[in-house]
Amino acid sequence: MAAARKPVVEVRRSERRRRTVSAYREGERVVVLIPSQFSRAEESEWVSKMLARLAARDQRSQRSDADLEVRARQLACRYLPEFGAVAVPTTVRWVGNQNGRWGSCTPADRTIRLSERVRDMPVWVGDYVLLHELVHLIVPSHNARFWALVGRYPRTERARGYLEGIAAAEHARAE
């Protein structure tokens, strides 16, 4: 097996940046933005951290429909065990045409679709969106029973807050 090539890293220091660090890909290069006052040791530490974060994001982006189906079964078993096969969809897949929703479910044919936008989010957020759609297989509406079942996921409130923040940022950019 070939070893992974280490990317070319360009560090850009900023006088305006005080504490935050960010990184992004620019072609074959990784650009890391850091505060100008960081020492060389801090720079090295943050470059390593940011390369690891980009690698983790890339790994999440490679999750297939098959991976999504496996995860749906795991979540149904863990959080909705008393519903058995009722909580298991016939298909789960990533779709690129959902820009206004994070996911959707059609209870009649037991299909679930998750927006490609969720793919790059933290796994716990994707799990929340997937569980939300799994619960729709049991309760089609957003009533009290629905939210009680979704609330079994321990990071429900955190994930909802994360998604609300993303939606607000997207709305602000659109204005």
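Hi everyone, this is a short walk through the cores, one buried charge, a pocket and some salt bridges of this structure.

A word on the basis first: this is a predicted model, where local features need pLDDT of at least 70, side-chain atom pairs count only at pLDDT 80 or more, and totals for chains, interfaces and linings use all residues. Residues are numbered from 1 along each chain as its sequence is written, and side-chain values use heavy atoms, with hydrogens and water left out.

Let's start inside. The largest nonpolar core holds 34 residues, and Leu80, Ile112, Leu130 and Leu134 have the most contacts within it. By nonpolar core I mean buried Ala, Val, Leu, Ile, Met, Phe, Trp, Tyr and Cys residues joined through side-chain atoms within 4.5 Å; buried is under 20% relative accessible area, exposed over 50%, and partly exposed in between, with a 1.4 Å probe and protein chains only. Among the elements giving two or more residues to this core are strand E6 (111-115), helix H4 (123-136) and helix H6 (156-174). H4 gives the most, with eight residues. Helices (H or I, at least four residues) and strands (E, at least two) are DSSP runs, numbered from the N terminus.

Now, which charged residue should catch your eye in helix H4? Glu133 lies there, and Glu133 is buried yet has no salt bridge, with Arg113, the nearest side chain of opposite charge, 7.0 Å away. Here Lys and Arg count as positive and Asp and Glu as negative, while His and the chain ends are not counted. A salt bridge needs a side-chain nitrogen of Lys or Arg within 4 Å of a carboxyl oxygen of Asp or Glu.

So where do charges pair? By that rule there are 10 salt bridges. In one of them, Arg13 meets Glu43 at 2.6 Å, N to O. Arg13 sits in strand E1 (residues 8-14) and Glu43 in helix H1 (residues 40-61), so this pair ties together parts 30 residues apart in sequence. Glu43 is buried, at 15% relative accessibility, while Arg13 is partly exposed at 32%. Glu43 also bridges to Arg40, at 2.8 Å, N to O, and Arg40 is exposed, with 62%.

Another bridge joins Arg152 and Glu82 at 2.7 Å, N to O. Arg152 is in the loop between H5 and H6 and Glu82 in the loop between H2 and E4, so the pair links parts 70 residues apart in sequence.

Finally, Glu10, Arg12, Glu26 and Arg29 form one network through salt bridges that share partners. Thanks for listening!
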